[in-house]
Amino acid sequence: MVTRSVYVVLFVALCLSFAGLPVQEAEGQSSGQQVGEAPEYDESVLLSRVRQLTLEGNRAGEGYFSPDGTQMVFQSEREAGNPFFQIYVMDMLTGETRRISPGQGKTTCAFFHPVTGDIEFASTHHDPLSLEMQREELEFRASGQEHRNAWDYDPEMEIYVADADTGELTRLTNVRGYDAEGSYSPDGEWIVFASTRDAYGRELTPEEQQAMETDASYFSEIYTMRADGSEQTRLTHVPGYDGGPFFSPDGKKIVWRRFQENGMLADVWTMDLDGSNQRQITDFGAMSWAPYTHPSGEYIFFSSNKYGFANFEVFIVDFDGKKEPVRVTTTDGFDGLPVPTPDGKQLVWTSTRYGATARQTGQLFIGNWNHEKALELLEQAPPRKSSSDSR
Amino acid sequence: MKMSSARYLAASERSAFLPGQSSAIRFFFAAVLTLAVAFSTGAMPAFGQAAASDVRRHVETLASDEFEGRLTGSEGAALAADYIIGQLRSMGAVPLPGQASFRLPFEIISGVNDTGSSLTLRGEASDQDFDVQGADQVQGLTFSDNGEVSGAVVFAGYGITVPESQGYPYDSYANLDVEDKVVLVLRYSPEEVERETQAILSGYSNLRYKAMRARELGAKALLVVTGPRSLNAGKIVPMRFDSAAAGSGIVAASISGEVAAKIFEAVPNGSLEQIQEELDAGNRDATGFSIPGLELTLSVEVERESATGYNVVGHLPASNETTAIPPIKPYVILGAHYDHLGRGGFGNSLARGDEIGEIHHGADDNASGVAAVLNAGAALAGMKRDRAVVLAFWSGEEMGVLGSSAFVEDPPVPMDEVIGYINFDMVGRVVDNKLTVQAVGSSAVWPRLMEQSNVPVGFDLQIQEDPYLPTDSSSFNNSGVPNLSMFTGTHADYHRPADSPERINYEGLEAVARFGALIGYHLANLGEAPAFVQVERSPGQQAGERDAARAWTGTIPDFGGEVEGLRLGGVMEGGPAEEAGLQKGDVIVEFAGQQVTNIYDYTYALETVKVDEPIKVVYLRDGERHETVLTPRARQ
């Protein structure tokens, strides 16, 4: 049974999006792990000294670095009383971790301002119902049930920025609808983000109304705004979930993932800052998402379930998408949300390789990244095939 | 109960980030940063080099021939203690409060001998009279009481009673009256029953258990014979060193097949072999019987040698003089056992062939752990700490965690003043950057402390929740103290003379010490004391003592990593596993018809296998399922 509802569980969210997945993962492991051709190499070709970076709490993900690489901001569920993600900063030298989000409600998708060190993230803590939702979620868990959809594109989600020195929060978005998945441009002047605001404050067609009820992410589109929240501008206009946008290292392009209208298949896309020149970079005919560009600008990391519905692996693809992507990870379990360190020499990603339970849904892993080998493998990769060729 | 402890913890986690803590943390990281940078870049500053060469010096000294394998109570162990005390002094450690010395003595049984047991038969007919002595005919069991008893003889099959709770009714004593009688039983358990049945029965075939059962039923003495159909047929039970050798409250001895045959002459219909055959078939109605017309007198003289073992324990007093309020639970303990097997004469050596009787150097087991604690202690000595750090070096571990048990039973510092215990046992064989951390389930505080401590160190941590471990941390777990144990995995040199210093990964060992020091540091400065979590024992662990598995497979389980199945850390050279084509890294998922999901399943499955009887083994290699046939051999 492959139904839409199953897929909803899969793309529950986020800048890159990850939650609720491993329940499906566990089911998937018994079946289709060996689907597709295995790579001729092991992941140790590209990754070495792989280890688990976060250990505390039920789950952690979405690690992004300060420009000097000494700090990592990430989201984690690790405090009693709140079953939702909060935002933490880890000192990469001492291991010390502190929470920078308010602790209440849901948060997601943090990113360092490249100049000031301020941190933007999305949060619902202002919602008077947020504590109620925490209680409900905890009671739901205590009842022993499993979630079908852990991420609900809460229209109360708004983008905030936390001051690097004082921790004081400033709200940047103020429109009904899910505003999240934000990240800064390399000069710190701009934020690119995703929003479902288009679905609110207007009458929906019957089809749209049904989409709203099954999966609100259908309405998500890519927007930009200035770092102070002004000049909010819509860039995409295609039905289906557009999300997880980041600037390229040279600040000239936006890289994001676009789901097809059916919500099942996704690919990595790039476009100019005004939304023009939209270009499809991957074409696996699978769910290819969570793109992030290597600091060299040469290639884009992403994850895809090309080798099995629940077997997400990390891939790289040349920035222009002219060649076939190269597989990176070869370990069982979920491997996704890849983000390199600013020096390009390490990779942090989310994985269930050391096991996942209903609650333990992935932690951050880190490994040394072989950039030279990556370039070599990309160079050797054949020209990109179209998914329609093989179908 | 759980709820309240969760709240308690939440409070403690928050308080760790209170401003009061931050200065100490900052101070500390000034020191750690140099190390962290050194480790990741390879450009070692002077301090880092000194630390790495220190662990090497500790291991090479303790594992040298001069220390003769550091058997508890031996001269070699005394030399090791001297060395450790010297190191403690040089880092500024002092004896525990109220103790004059670093040495804390405890009594052990160091050996056991039969000094002249004998047996006399008097029958109705004079040709039944029989007198015998000599260790090849009658020899006390190690745990026997001394004394002379007489009585009629009752044969009670295998002498096994399975508790009702096991759901398999089996009682060798059904319908037997053994009060004031001498009970004769077969060694081991029925040989030809189905594997599952055998697994149950073998769980109650331990000789101590058999003796206890006979005593409960009022028997005067227990005699054990190795049945003619069993392995070691007719042989006397060797006087294995048994560290817990206190008397069992009954006179108990092993007799030869010859003596048993003499007794069975009084049985009108059938030899012992025929009777055993019936029992081996699992016939539960084939119980025992009185042997008519015989009066048996058994005299057992067993001499136990006692000796004194010494734990070596020092402490580094709290160094934060400015702390206004004394911390809750003011002690952190780091520990490692320093004893090993001497020349391996006491039963737990795995030496083979030419190696037998050689010095068992114990470089990994556990000079490595001692080196880690000494290095961690030296680092912690220079750090600001709200709590005292106790550095404990246990003896008697190889005999059954005797030193640490003695420590927690009569604790020089109250156990409820100990915030946590960190154990290091076999930490010198880091491979592929992996470090296994065990007993993580004993407190919810560990994941956070490990996460924080591992960022600058960078191990590929293998986390295991289970605190029921065959090492000293279990003593603290039994005392309700949050505990952790560091382990880098077992290997083919385990408990053999070949466990020598040149096979140690010193860079890895130094990193283990650093990781342990960081956890100790964070623990020493926690604002609150984390709650202890009582982890439930899995059913396989509750079965109790079992007679040592007699069939040898030559597999070396990898205790690291919680894979589904049993991952092999290696196979013994020339052993049945190697002959079956198994190799390091294979994950056994089915063994002798039983599903294997963890090491307890495997242990359970092992007990059902028989010598020279091929079994099917299903294993995963590189994710693919394979099958092979393994033929266990008799343990040498």
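**Exercise 1. Strand partners in chain A**

Which residue in E11(A) stands opposite A:Tyr184? Place the pair in its sheet as you go.

*Solution.* Keep in mind throughout that this is a predicted model.

- Step 1: Start with the pair itself. A:Tyr184 stands opposite A:Ile191, which belongs to E11(A).
- Step 2: Look at the two strands. E10(A) pairs with strand E11 of chain A, residues 190–195, in the antiparallel sense, and the pairing runs over 4 bridges.
- Step 3: Widen the view to the sheet. The sheet is open, has 4 strands in the order E10-E11-E12-E13 of chain A, and its pairing is antiparallel.
- Step 4: Find the edges. Strand E10 (179–184) and strand E13 (233–234) of chain A are the edge strands, since each pairs on one side only.
- Step 5: Recall the background. Backbone hydrogen bonds are what pair the strands of a sheet, in either a parallel or an antiparallel way.

**Exercise 2. The interface of chain A and chain B**

Describe the contact between chain A and chain B, from its extent down to a single salt bridge.

*Solution.*

- Step 1: Count the participants. Chain A gives 19 residues to the contact and chain B gives 24 residues.
- Step 2: Take the area. About 1800 Å² is buried between chain A and chain B, and carbon and sulfur atoms give 56% of this.
- Step 3: List the polar terms. There are 8 residue pairs in polar contact across the interface, with both residues at pLDDT 80 or more. On the side of chain A that touches chain B, strand E1 (47–52) and strand E4 (86–91) of chain A are the elements that give two or more residues. E1(A) supplies the largest share of that side, 4 residues. The residues of this side of chain A divide into 8 nonpolar, 5 polar and 6 charged.
- Step 4: Turn to the charged pairs. The interface of chain A and chain B has 1 salt bridge. This salt bridge links B:Glu451 with A:Arg78, and their closest N and O atoms are 2.8 Å apart.

**Exercise 3. A salt bridge in chain A**

Are A:Arg327 and A:Glu313 buried or exposed? Work out where their salt bridge sits too.

*Solution.*

- Step 1: Establish the pair. The side chains of A:Arg327 and A:Glu313 form a salt bridge with an N to O distance of 3.3 Å.
- Step 2: Locate the partners. A:Arg327 is in strand E21 (residues 326–327) of chain A and A:Glu313 is in strand E20 (residues 313–318) of chain A, so the pair links distant parts of the chain, 14 residues apart.- Step 3: Apply the cut-off. Buried means under 20% relative accessible area. A:Arg327 has 10% relative accessibility, so it counts as buried. A:Glu313 has a relative accessible area of 1% and is therefore buried.

**Exercise 4. One arginine, two acids**

Which residues form salt bridges with B:Arg229? Include how far apart in sequence the joined parts are.

*Solution.*

- Step 1: Take one partner. B:Glu192 forms a salt bridge with B:Arg229, with the closest N and O atoms 2.4 Å apart. B:Glu192 lies in the loop between strand E9 (182–186) and helix H5 (195–202) of chain B, and B:Arg229 in the loop between strand E10 (221–225) and strand E11 (251–255) of chain B, so the pair ties together parts 37 residues apart in sequence.
- Step 2: Take another partner. B:Asp280 also forms a salt bridge with B:Arg229, the closest N and O atoms being 2.9 Å apart. B:Asp280 lies in helix H8 (residues 272–280) of chain B, so this pair ties together parts that are 51 residues apart in sequence.
- Step 3: Check accessibility. B:Asp280 is buried, with a relative accessible area of 0%. B:Glu192 is partly exposed at 48% relative accessibility, and B:Arg229 is partly exposed at 26%.
- Step 4: Put the pairs in context. The structure holds 42 salt bridges over all chains.

**Exercise 5. Charged residues inside chain B**

Where in chain B do B:Lys262 and B:Asp386 lie? Add what surrounds them.

*Solution.*

- Step 1: Set the scene. Chain B has 16 helices and 27 strands, and buried residues make up 58% of its 636 residues.
- Step 2: Take the lysine. B:Lys262 is in helix H7 (residues 257–264) of chain B. At 19% relative accessibility, B:Lys262 counts as buried. Apart from neighbours within four places in sequence, B:Lys262 is in contact with B:Leu121, B:Asp127, B:Gln128, B:Asp129 and B:Phe130.
- Step 3: Take the aspartate. B:Asp386 lies in the loop between helix H9 (363–381) and strand E15 (388–394) of chain B. Its relative accessible area is 13%, so B:Asp386 is buried. The C-alpha atoms of B:Asp386 and B:Leu526 are separated by 8.2 Å, with the two residues 140 apart along the chain.
- Step 4: Compare with the chain as a whole. Of the contacts in chain B between residues at least 6 apart in sequence, 80% join residues at least 24 apart.

Technical notes:
Residues are numbered from 1 along each chain as its sequence is written. Chains are lettered from A and ligands numbered from 1 in the order in which they are written. This is a predicted model: local features need pLDDT of at least 70, side-chain atom pairs count only at pLDDT 80 or more; totals for chains, interfaces and linings use all residues. Side-chain values use heavy atoms; hydrogens and water are left out. Contact means heavy atoms within 4.5 Å. Buried area is the accessible area (1.4 Å probe) that two parts lose on being put together, summed over both. A salt bridge is a side-chain nitrogen of Lys or Arg within 4 Å of a carboxyl oxygen of Asp or Glu. A polar contact is a pair of N or O atoms within 3.5 Å; within protein, one must be able to donate a hydrogen and the other to accept it, and residues adjacent in sequence count only if both atoms are side-chain atoms. Ala, Val, Leu, Ile, Met, Phe, Trp, Tyr, Cys and Pro count as nonpolar, Asp, Glu, Lys and Arg as charged, and the others, Gly among them, as polar. Two strands pair if DSSP finds at least two bridges between them. Buried means under 20% relative accessible area, exposed over 50%, partly exposed in between (1.4 Å probe, protein chains only).
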